[in-house]
Amino acid sequence: MSATRLFDGHLDLAYLAEIGRDMHAPLSQCRGTLLPASITLPSLIDGNVRGCLGTIFTEMSEEDSPEGLQLGGFQHTYPPGDAEAAHRAGLRQLKLYHAWRDAGVIDLLPNIGDAPLALGILMEGADPIRNADEVRWWADQGVIAIGLAWAMGSRYAGGNSQTTGLTAEGRDVVRAIDDAGVIHDLSHLSDKAMDEVLELATGTVIASHSNARALLGGANQRHLRDESIAEIAKRGGVIGINLYGAFLDPSFEKGKKRPPLRRALDHVLHVASIAGKDKVCLGTDMDGGFDANCLPEGIDEPNDLNTLLDMLRAEGWSQAEVARFAFGNWARMLGVADSLVGADPS
């Protein structure tokens, strides 16, 4: 088990269960799609991941595809514009997190009990919210952060594959998120939508799983502009570093040589140089639509993240700074740092 506690700000756990992975099996025995796997619940515990944000991830199906026919018939998809189908898809994943909570597998933040993993629910793409009046209901069910759109956009905002901003309904949802005390996740928004959220929102903003655009050619909206990094930090948020290979090396192709872990370190150091060491953390997105072979060299499961921590120490980061990157920055921002047990070695 890892000696240092970890908090991962972006894991698609319910989605992985929906597409057929046995999330209760060890990695060596897990079956389903997106293999080899890096994430199951036992692998998180073995890696001393004590906290995470687990997503409700839904996506629009193709125009001519009925609900749920993507990825072998699993029900995380919905037809474009169908708010009821999106709502049903989101509810299925919400109910799974509730079932894990009721079984003692996880605690749902902000409530901390005896479960080995404390999980906050992050909605990645807000289409399951049928209208702004429902935001508070989702918050009452355990949703602590909401990203208005995934790459393809939503009824509320343009995604990173688009150039559109907020819709009128999206502006209402932004205000409702603030009123409910929920965090805004800016990852996956178009530049225009991100700028409009930052202009309108009054609450906390984060980027749960985004990297530095300056290190990746400077054009892809999926990555953060330096000025966005600075603004998130100014407003008390954090940035989670994403370990997907193509987000570390744009030339990466699945099945080819994996990018060196040094590329991830470069993003940590770049974000820290702008935002400060207390605003950068992990948002690995492990298995978020890809398998372990799409991670950087040497990272096959959560326990391997210690290698990245060792690299930070080699860069001169103190043990306290490394511990904050690994766990404390997320936990303090979420107000749970003193509640999660398992102290790091001094």
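In the predicted model, Trp100 is buried, with a relative accessible area of 5%. Its partner Tyr97 is likewise buried, at a relative accessible area of 0%. The two residues are three apart in helix H3, which covers residues 83-102, and this spacing places them about one helical turn from each other. The model contains nine aromatic pairs. In the case of Tyr97 and Trp100, the ring centres are 5.7 Å apart and the ring planes stand at 80°; because edge-to-face pairs are those with planes over 60 degrees apart, the pair of Tyr97 and Trp100 is assigned as edge-to-face.

A further aromatic group is the cluster formed by Phe7, Phe327 and Trp330. Arg5 is placed over the face of Phe327, at 4.0 Å from the ring centre. Phe327 and Trp330 are both among the buried residues of helix H10.

Helix H10 spans residues 319-334 and has 16 residues. The distance from its first C-alpha to its last is 21 Å, close to the 22 Å expected at 1.5 Å a residue. Helix H10 nevertheless contains a kink of about 60°, centred on Phe325. Of the 16 residues in H10, 12 are buried, and the helix is thus mostly covered. The buried set includes Glu321, Asn329 and Gly328, together with hydrocarbon or aromatic side chains such as Val322, Phe325 and Leu334. Just after H10, Gly335 adopts a positive phi of about 75°.

The segment preceding H10 was examined through Glu315, which is located in the loop between helix H9 (306-314) and H10. Glu315 has a relative accessibility of 39% and therefore counts as partly exposed. With neighbours within four places in sequence left aside, the contacts of Glu315 are Arg262, Leu265 and Leu269. For Leu269, the separation from Glu315 is 46 residues in sequence and 9.2 Å in space, C-alpha to C-alpha.

Backbone geometry was considered next. Most residues other than glycine have a negative phi, and most peptide bonds are trans. Two cis peptide bonds are described here, each preceding a proline. The bond that joins Leu35 and Pro36 is cis, with omega about 0°. Pro36 belongs to the loop between helix H1 (13-18) and helix H2 (41-46). Leu34 is found in the loop between H1 and H2 as well, and its phi is near 55°, a positive value in a residue other than glycine. The other cis bond runs from Leu109 to Pro110, with omega near 10°. Pro110 is situated in the loop between strand S5 (107-108) and strand S6 (118-124).

A positive phi also occurs at His188, where the value is near 85° in a residue other than glycine. His188 occupies the loop between strand S8 (183-185) and helix H6 (191-200). At 9% relative accessibility, under the 20% limit, His188 counts as buried. Ser190 lies in the loop between S8 and H6 and is buried too, with a relative accessible area of 0%. Apart from neighbours within four places in sequence, Ser190 is in contact with Gly158, Gly159, Asn160, Gln162, Thr163, Thr164, Gly165 and Gln221.

At the level of the whole chain, the model has 10 helices and 11 strands. The radius of gyration is 18 Å, close to the 20 Å that the globule rule gives for 346 residues, so the chain is as compact as a globular protein of that length. Along the principal axes, the C-alpha atoms fill a box of roughly 50 × 45 × 40 Å. Buried residues account for 59% of the 346 residues. Of the contacts between residues at least 6 apart in sequence, 66% join residues at least 24 apart.

Technical notes
Residues numbered from 1 in each chain as written. Predicted model: local features only at pLDDT ≥ 70, side-chain atom pairs only at ≥ 80, totals over all residues. Heavy atoms only, no water. Phe/Tyr/Trp six-rings, centres within 6.5 Å; stacked < 30°, edge-to-face > 60°. Helix = DSSP H or I, 4+ residues; strand = E, 2+ residues; numbered from the N terminus. Buried < 20%, exposed > 50% of the residue type's maximum accessible area, 1.4 Å probe, protein only. Lys NZ or Arg CZ within 6 Å of the ring centre and 35° of its normal. Expected span 1.5 Å × (residues − 1). Bend = angle between axes of the 7 residues up to and from the residue. Rg over C-alpha atoms; globule rule 2.2 N^0.38 Å. Contact = heavy atoms within 4.5 Å.
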